[in-house]
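Good morning, colleagues. Please keep the sequence and the three-dimensional view in front of you while I speak.

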Amino acid sequence: MSGIIESFAQACPGAELLALSADPAGTKMQHGIHAADRMKPGELLSALRGVDLLISGGGSLLQNTTSARSLGYYLSVIWLAKRLGKKVMVYAQGIGPLTGFPAKRAVKSVLNRVDLITVRDAASKSCLEDIGVTHPDIKITADPAFAMKPAPDEDATEILRATGVPEGVPLIGVSLRHWKNDINWLPALSQGLENAASKIGAVLVFLPMQREKDTSISVQVASQITAPSFVISGHYTPAQIMSTTGRMSFVVGMRLHSLIFSASEGIPFLAISYDPKVEVFAQVAGQDESIKIEDLTASVVTSRIMDAWNKRTGLAKRLGELVPDLRVAAMENAVLACRLTAQEEH
């Protein structure tokens with residue numbers, strides 16, 4: 001959300017944003033915008049009636065690997081907005097995976113009625129085209145997070161100091177999340193991280209992207225390995241986490257936004273792919289092949305980290321060449337959205 005807000009502040013500073021949120025009070029506090037409870041039908045309906053444009057995104061909302069219920073919810077919000085005569089933009093989403101004919105048919109039916117579709121990668125565009133989305137044209141842009149600006153470097157210094165991270169040593173950032181069957185893959189990942197950190201002489205810094213969900217698994221792994229490790233556990237803004245990511249020498253990440261933050265800050269990374277979106281982004285960013293979670297072993301993790309570490313200068317150079325264009329593409333989402341609202345006014 002931070003990337004969307006920053007994009008609109010630049011593209012159309014007069015726009016008033018209203019978030020549909022599961023935690024309206026928290027959204028208002030963190031982002032400084034109005035918010036409505038998306039789980040209360042009356043509040044949702046009232047919010048939709050009052051807007052000129054519904055933005056569906058960013059993120060990966062239109063997929064049914066998490067649950068069919070979430071896909072149905074996000075499609076129903078789009079459908080309702082169109083029934084109310086509102087313009088709708090699918091905003092820089094990563095589409096899919098979509099499994100089963102009913103899900104594909106539902107996405108096709110609803111998205112063929114929207115006013116504008118942007119997606120963050122070519123695979124998402126292909127997914128929509130394959131299921132028959134033909135209107136409107138689908139434009140490839142980039143994830144809104146590329147429009148974000150990091151917090152001042154002083155914030156990162158203070159965060160690392162408060163966490164006890166030593167200075168003058170290589171830092172490997174690690175972003176983990178809970179996922180299926182972690183009893184099978186997590187010990188191997190932990191051992192691989194420890195082996196690589198020992199070979200490099202690096203300190204592991206765990207970077208929870210979603211504090212409430214990711215801190216526990218970060219603490220669990222950090223407590224089980226002997227290599228020096230620290231967990232960033234305070235209440236920090238996305239911009240502060242981005243700035244802290246920029247202080248790493250290398251990043252190993254599961255969360256997509258850990259990889260986007262790494263790329264934005266020019267930090268080479270190795271992606272641990274639990275979802276196709278992670279693997280696709282690693283390819284877009286020109287980094288080495290990701291490790292699929294089902295193929296994960298301690299030796300594979302160690303060897304891939306060491307290979308990437310030894311090539312990190314070249315990997316960072318690729319990011320330096322790619323990221324400026326991704327920033328422009330991320331801003332284009334907001335520019336296109338603002339044009340839609342301008343059309344509405346006329």
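**Strands, rings and a disulfide**

I begin in the strands, where G173 stands opposite V205 in β8. Please bear in mind throughout that this is a predicted model. The strand partnered with β8 (residues 203–206) here is β7 (residues 171–175); the two run parallel and are joined by four bridges. Both belong to an open sheet of six strands, paired in parallel and ordered β9-β8-β7-β10-β11-β12. Which strands stand at the edges of this sheet? They are β9 (229–231) and β12 (291–292); each has a single partner strand, so one side of each is left without a neighbour in the sheet. As a general reminder, side chains in a regular strand alternate between the two faces of the sheet.

Another parallel pairing is found between β1 (residues 18–21) and β2 (residues 34–37), again over four bridges. In this pairing, L20 of the chain stands opposite A36 in β2. Together with helix α2 (residues 24–31), β1 and β2 make a β-α-β unit, and that unit is right-handed.

I turn now to the aromatic residues. The count of aromatic pairs comes to six. One of them joins Y73 and Y74 in an edge-to-face arrangement, with 5.2 Å from centre to centre and 80° between the planes. Are these two tyrosines buried or partly exposed? Y73 has a relative accessible area of 17% and is therefore buried, whereas Y74, at 22% relative accessibility, counts as partly exposed. The cut-off that separates them is 20% relative accessible area, under which a residue is called buried.

The rings of F269 and F281 offer a stacked case: their centres are 6.0 Å apart and their planes meet at 10°, so the pair counts as stacked. Because F269 lies in strand β11 (residues 269–273) and F281 in helix α12 (residues 276–284), the pair ties together parts that are twelve residues apart in sequence. Both F269 and F281 are buried. Ring pairs also bring in F146, which is linked with F269 and F281 into a cluster.

A ring also appears in a charge contact. The charged end of R312 sits over the ring of W309, at 3.9 Å from the ring centre.

Next, consider L75, a residue of helix α4 (residues 68–83). With a relative accessible area of 6%, L75 is buried. What does L75 touch, once its neighbours within four places in sequence are left aside? The contacts are L62, A106, V107, V110 and L111. V110 is 35 residues away from L75 along the chain, yet the C-alpha atoms of the two are separated by 6.7 Å.

I close with the cysteines. How many disulfides does the structure hold? It holds one disulfide, formed by C12 and C338, with their sulfur atoms 1.9 Å apart. The torsion about the S-S bond of C12 and C338 is about -55°, so this disulfide is left-handed. The pair links distant parts of the chain, 326 residues apart: C12 is in the loop between α1 (2–11) and β1, while C338 is in helix α14 (residues 312–345). C12 and C338 are both buried. A further cysteine, C127, counts as buried as well, at 17% relative accessibility.

Methods. Residues numbered from 1 in each chain as written. Predicted model: local features only at pLDDT ≥ 70, side-chain atom pairs only at ≥ 80, totals over all residues. Heavy atoms only, no water. Pairing = 2+ DSSP bridges. Right-handed = clockwise from strand over helix to strand, strands pointing away. Phe/Tyr/Trp six-rings, centres within 6.5 Å; stacked < 30°, edge-to-face > 60°. Buried < 20%, exposed > 50% of the residue type's maximum accessible area, 1.4 Å probe, protein only. Lys NZ or Arg CZ within 6 Å of the ring centre and 35° of its normal. Contact = heavy atoms within 4.5 Å. Disulfide = S-S within 2.5 Å.
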